[in-house]
Amino acid sequence: TGRPRKISTDDDRRILSIIKKNPQTSVRQIRITLQKSGVDLSMTTVHTGLHDKKYRGNIARCKPLVSSKNRMVRLQFAKKYLKEQTQFWKKVLWADRMKINLYQSNGKRKVWRREGTA
């Protein structure tokens, strides 16, 4: 009873395959991908379809900035150059790093996850 579904089972499978390939895909990107294959759905319909399949938009976990392997390599590098003379360090070219985000926020990223998964 009620209104018939706008999303077919093939569309459901197509949406889920897109999400499984890249969980960070937005609803807008999914809609554009579906439109290219001839399926015209609104963003609300795509979003509802994901919720029906128990997918929720969650904030992605932050990965550690320095891995344990990289930490050991950095420590070896620091120990190697620990006792260098001042003249050595005067010859080193120092550069300051600055990160600028033009088109993306530096904030949190949303990912699609099934309920009960990390």
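These are my notebook entries on a predicted model of a protein chain.

**Entry 1: the whole chain**

I started with the elements and found 5 helices and 2 strands in the protein chain. Reading from the N terminus, I wrote down the order α-α-α-β-α-α-β. Next I looked up how spread out the chain is. Its radius of gyration is 24 Å, while the globule rule gives 13 Å for 118 residues, so the chain is more spread out than a compact globule. The box around the C-alpha atoms, taken along the principal axes, came to roughly 80 × 30 × 20 Å.

I also checked burial: 16% of the 118 residues count as buried. Then came the contacts between residues at least 6 apart in sequence. Of these, 67% join residues at least 24 apart.

**Entry 2: α1 against α2**

How do the axes of α1 and α2 cross? Helix α1 covers residues 9-21 and helix α2 covers residues 27-36. I got a crossing angle of roughly 130 degrees, with the axes coming within 11 Å. That angle is neither over 145 nor within 65 to 115 degrees, so I filed α1 as oblique to α2. For the handedness of this crossing, I noted right-handed.

Which residues meet there? From α1 I listed Arg14, Ile15, Ile18 and Ile19, and across from them in α2 I listed Ile30, Thr33 and Leu34. Sorted by class, this contact has 5 nonpolar residues, 1 polar and 1 charged.

**Entry 3: Val39**

After the helix pair I moved on to Val39, which sits in the loop between α2 and α3. Is it buried or exposed? The relative accessible area of Val39 is 15%, and the cut-off for buried is under 20%, so Val39 is buried.

I then looked for what Val39 touches, leaving out residues up to four places away in sequence, and found Asp11, Arg14 and Leu34. Two of those names were already in my notes: Arg14 from the α1 side of the helix contact and Leu34 from the α2 side. I also took the distance from Val39 to Ile7. They are 32 residues apart in sequence, and their C-alpha atoms are 9.1 Å apart in space.

**Entry 4: Lys54**

My last stop was Lys54, in the loop between α3 (43-52) and β1 (55-59). What caught my eye was its phi, near 65 degrees, a positive value in a residue other than glycine. Most residues other than glycine have a negative phi. As for accessibility, Lys54 comes out at 40%, so I put it down as partly exposed.

Notes
Residues are numbered from 1 along each chain as its sequence is written. This is a predicted model: local features need pLDDT of at least 70, side-chain atom pairs count only at pLDDT 80 or more; totals for chains, interfaces and linings use all residues. Side-chain values use heavy atoms; hydrogens and water are left out. Axes are lines fitted to C-alpha atoms, for helices over the stretch in contact, and angles run from 0 to 180 degrees between N-to-C directions. Helices (H or I, at least four residues) and strands (E, at least two) are DSSP runs, numbered from the N terminus. Angles under 35 degrees count as roughly parallel, over 145 as roughly antiparallel, 65 to 115 as roughly perpendicular and the rest as oblique. A crossing is left-handed if the near helix is turned anticlockwise from the far one by less than a right angle, and right-handed if clockwise. Contact means heavy atoms within 4.5 Å. Ala, Val, Leu, Ile, Met, Phe, Trp, Tyr, Cys and Pro count as nonpolar, Asp, Glu, Lys and Arg as charged, and the others, Gly among them, as polar. The radius of gyration is taken over C-alpha atoms; the globule rule is 2.2 Å times the number of residues to the power 0.38. Buried means under 20% relative accessible area, exposed over 50%, partly exposed in between (1.4 Å probe, protein chains only).
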